[in-house]
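Colleague: I would like to go through this model step by step, from the overall fold down to single side chains. Please give the reasoning before each result.

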Amino acid sequence: YFSANGAPGAIVAVFDRANMLNGNPAGAVQFANVADLPANSFNVFMPADIDGSTPPPAGSPGYFYRPVDGDAMGGGGDRVELFTATINWASPATSTLAGPTNIPLLAFDSTLCGFLSFGCVPQPGASGLLDPVNETGMFRFPYRNYGTREVLAGNFTVDIDGSDHHGIRWFILERTGGGAWGVQNQGTYAPQPTGAPQFVHRFMGSLAMDRFGNLALGYTRSSADHPAAYTGFASAVYTGRLANDPLGLLPEPEFVIQPGTGALGAGGADTRWGD
């Protein structure tokens, strides 16, 4: 399951994985490009992929989503748009891409230095601003079948206070018995150290859930200087939650996977990051 930014609209395609893995001739299905959202010409759908050993129920479609800031992207409430791809390899022309199904989320703001700014997150000193890639959902969009329920989990970068301060909106969708998808849990992650002279930004997350329902979120953390107990340079960090933690929170401590040791693009230029 594949998506890319097209011209115009988002490209959505599906490849014949079974035949590819067996070295056989393999086809693909590409759907008509899905229209861009108003005010945001960079549109990519995040495809779901499976975690765990339990497959989806027989006949399940493939899932794609994109986050929609209703105020900035053309009306409607803040939401996730969920699309389903149903493929018939025996008759590829009958394959369908259905949607969107609109799943409301708590209000969020995606306009970090606008859209397509390529630079918004500060680094220490007079270094360039990092690109938060705030226009789309972040890799991955994991699916897991827990037997009695199915879940999809995702994240994207948001402005937490209208001041271009970056945080991560994460969400878990759930359904039971093949019914409708709904929000099981969601929150915005942007904790600040006590007494920090500058805002600590978190962006470009990546999450997964294990077989017990625990969730881990990795991301980049950066700030304009060096707050106490932090390096301001862009660093790889993660946090998470246990399945029985209070809703809406990622209460596990932050762990630094790799501290940053310098700035990217020093000299003032806006700087691509992470993509």
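**Fold, sheet and ring pairs**

Modeller: The protein has 1 helix and 15 strands. The model is predicted.

Colleague: What radius of gyration does the protein have, and what would a compact globule have?

Modeller: The C-alpha atoms fill a box of roughly 60 × 45 × 40 Å along the principal axes. For 275 residues, a compact globule would have a radius of gyration near 19 Å, and the protein agrees with this because its own value is 19 Å.

Colleague: What percentage of the residues count as buried?

Modeller: The protein exposes about 12,300 Å², and carbon and sulfur atoms supply 56% of that area. A residue is buried if its relative accessible area is under 20%. Of the 275 residues, the share that meets this is 47%.

Colleague: Which strands are the edges of the open sheet that contains β2?

Modeller: The sheet has 3 strands in the order β1-β2-β3, with antiparallel pairing. An edge strand pairs on one side only, and this holds for β1 (2–5) and β3 (28–30).

Colleague: Which residue of β3 stands opposite Val14?

Modeller: Strand β2 covers residues 10–15 and pairs with β3 in the antiparallel sense over 3 bridges. In β3, the residue opposite Val14 is Val29.

Colleague: Turning to aromatic rings, how are the planes of Tyr1 and Phe64 arranged?

Modeller: The whole structure holds 11 aromatic pairs. For Tyr1 and Phe64 the ring centres lie 6.1 Å apart, and the planes meet at 70 degrees, so the pair is edge-to-face.

Colleague: How far apart in the chain are these two residues?

Modeller: Tyr1 lies in the segment before β1, whereas Phe64 belongs to strand β5 (residues 62–68). The pair therefore links distant parts of the chain, with a separation of 63 residues.

Colleague: Is Phe64 buried or exposed?

Modeller: Its partner Tyr1 is partly exposed, at a relative accessible area of 46%. Phe64 has 0% relative accessibility, so Phe64 counts as buried.

Colleague: What arrangement do the rings of Phe45 and Phe83 have?

Modeller: Phe45 sits in the loop between β3 and β4 (46–50), and Phe83 in strand β6 (residues 79–86), 38 residues apart. Phe45 is buried at 1% relative accessibility, and Phe83 is buried at 4%. Their ring centres are 4.8 Å apart and their planes stand at 85 degrees, so the pair is edge-to-face.

Colleague: Which residues of β8 point the other way from Pro142 and Arg144?

Modeller: Strand β8 spans residues 141–145, and 5 of its 5 residues are buried. In a regular strand the side chains alternate between the two faces of the sheet. Pro142 and Arg144 point one way from β8, and the residues pointing the other way are Phe141, Tyr143 and Asn145.

Colleague: Which cluster of rings includes Phe141?

Modeller: Phe141 is one of the buried residues of β8. Ring pairs link Phe141 into a cluster with Tyr65, Phe108, Phe156 and Phe171.

Colleague: Which residue of β9 is the bridge partner of Tyr143?

Modeller: β8 runs parallel to β4, joined by 3 bridges, and Ile50 stands opposite Tyr143. β8 is also joined by 3 bridges to strand β9 (residues 150–159), in the antiparallel sense. In β9, the partner of Tyr143 is Leu152.

Colleague: Which residue in the turn between β8 and β9 has a positive phi?

Modeller: β8 and β9 form a hairpin with 4 residues between them. The turn residue with a positive phi, of about 90 degrees, is Gly147.

Notes. Residues numbered from 1 in each chain as written. Predicted model: local features only at pLDDT ≥ 70, side-chain atom pairs only at ≥ 80, totals over all residues. Heavy atoms only, no water. Pairing = 2+ DSSP bridges. Rg over C-alpha atoms; globule rule 2.2 N^0.38 Å. Buried < 20%, exposed > 50% of the residue type's maximum accessible area, 1.4 Å probe, protein only. Areas by Shrake-Rupley, 256 points an atom, 1.4 Å probe, with all protein chains shown as cover. Phe/Tyr/Trp six-rings, centres within 6.5 Å; stacked < 30°, edge-to-face > 60°.
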